[in-house]
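Thanks for asking me to look this one over. Here are my notes, set out point by point so you can follow along with the model open beside you.

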Amino acid sequence: DTFGQLLIVFYFLVTALGNLARENIKGLIGRMAELRTPFPTAAFWIGTALQFVGCGLLIIDWHAEIGIYCLILFMVVVSAIFHRFWTFEDPMRRELGRRMLLLNVGVIGGLLLMLENVERL
């Protein structure tokens, strides 16, 4: 359980840290604006905070359940913003979007399984 939990934390931390590169921040916020995300700058920073808070709570094993819910919320919102594959015209982009959405669904499934192994509040 511990190793699996660390792998999931690693996944989110690597993603969050990668998103914090200056060019990635600008690119992601721009893409969110193109996709008509309300308040894209705020949404980006709130999403980043959810990742770091969720990972931090899991790492220190303090209110881990809240950490898991932070990461689930992040994944649901990211999926709704970026992986609406049915709206893509290009077949390759549509297929990539479909696969990314399915990957996110799998990660959410893993997070839900983690809920069974954390101490309840």
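1. Which are the buried residues of helix 3? In this predicted model, they are Pro-40, Phe-44, Gly-47, Thr-48, Leu-50, Gln-51, Gly-54, Cys-55, Leu-57 and Leu-58. If you want to colour one set of side chains before reading on, I would suggest this one.

2. And what covers those buried residues of helix 3? The cover includes helix 1 (2–19) and helix 2 (22–34), together with helix 4 (64–82) and helix 5 (91–115). One pair of residues gives a feel for how helix 1 and helix 3 sit together: Phe-10, whose place is in helix 1, has its C-alpha atom 8.3 Å from that of Cys-55, although the two are 45 residues apart along the chain. Cys-55 is among the buried residues of helix 3, whereas Phe-10 counts as exposed because its relative accessibility is 54%, and the cut-off for exposed is over 50%.

3. A quick check on the geometry of helix 3. This helix runs over residues 40–59, which makes 20 residues, and at 1.5 Å a residue it should span 28 Å. The C-alpha atoms at its ends are 28 Å apart, so the expected span and the model agree.

4. How far can you trust the coordinates? The average pLDDT of the chain is 95, and 98% of the residues score at least 70. Confidence is highest in helix 3, at a mean of 98, and lowest in helix 1, at 94. As a reminder, where pLDDT is low, the predicted coordinates should not be read in detail.

5. Now to the loop between helix 2 and helix 3, where Thr-37 lies. Is Thr-37 buried or exposed? With a relative accessibility of 11%, Thr-37 counts as buried, since the cut-off for buried is under 20%. Leaving aside residues up to four places away in sequence, Thr-37 touches Met-32, Ala-43 and Ile-81.

6. The backbone just after helix 3 deserves a look too. Most residues other than glycine have a negative phi. Asp-61, though not a glycine, has a positive phi of about 55°, and it comes just after helix 3, in the loop that leads to helix 4. His-63 is also in the loop between helix 3 and helix 4, and it too has a positive phi of about 55° without being a glycine. As for the side chains, Asp-61 counts as exposed because its relative accessibility is 54%, while His-63 counts as partly exposed at 32%.

7. How many salt bridges does the structure hold? There are two, and they link Glu-95, Arg-98 and Arg-99 in a network. Glu-95 pairs with Arg-98, with the closest N and O atoms 2.7 Å apart. Glu-95 also meets Arg-99 in a salt bridge, again with an N to O distance of 2.7 Å. As background, side chains of opposite charge can pair when their charged atoms come close.

8. Why does the spacing in that network make sense? Glu-95 and Arg-98 are three residues apart in helix 5, so about one helical turn separates them. Arg-99 and Glu-95 lie in helix 5 as well, four residues apart, which is about one turn of the helix. In general, an α-helix has 3.6 residues a turn, so residues three or four places apart point the same way. Accessibility varies across the network: Glu-95 is partly exposed at 28%, Arg-98 is partly exposed at 31%, and Arg-99 is exposed at 53%.

9. Last, a surface feature. Tyr-11, Leu-96, Met-100 and Leu-103 form a nonpolar patch on the surface, and together they have about 340 Å² of accessible area. Which helix gives the largest share of the nonpolar patch? Helix 5 does, with three residues. Leu-96 is one of the patch residues, and its place is in helix 5. Leu-96 counts as exposed because its relative accessibility is 52%.

Terms used
Residues numbered from 1 in each chain as written. Predicted model: local features only at pLDDT ≥ 70, side-chain atom pairs only at ≥ 80, totals over all residues. Heavy atoms only, no water. Helix = DSSP H or I, 4+ residues; strand = E, 2+ residues; numbered from the N terminus. Expected span 1.5 Å × (residues − 1). Buried < 20%, exposed > 50% of the residue type's maximum accessible area, 1.4 Å probe, protein only. Contact = heavy atoms within 4.5 Å. Patch = residues over 30% accessible without salt bridge, like charges linked within 9 Å, V, L, I, M, F, W, Y side chains within 5 Å. Areas by Shrake-Rupley, 256 points an atom, 1.4 Å probe, with all protein chains shown as cover. Salt bridge = Lys/Arg side-chain N within 4 Å of Asp/Glu carboxyl O. pLDDT = per-residue confidence, 0-100.
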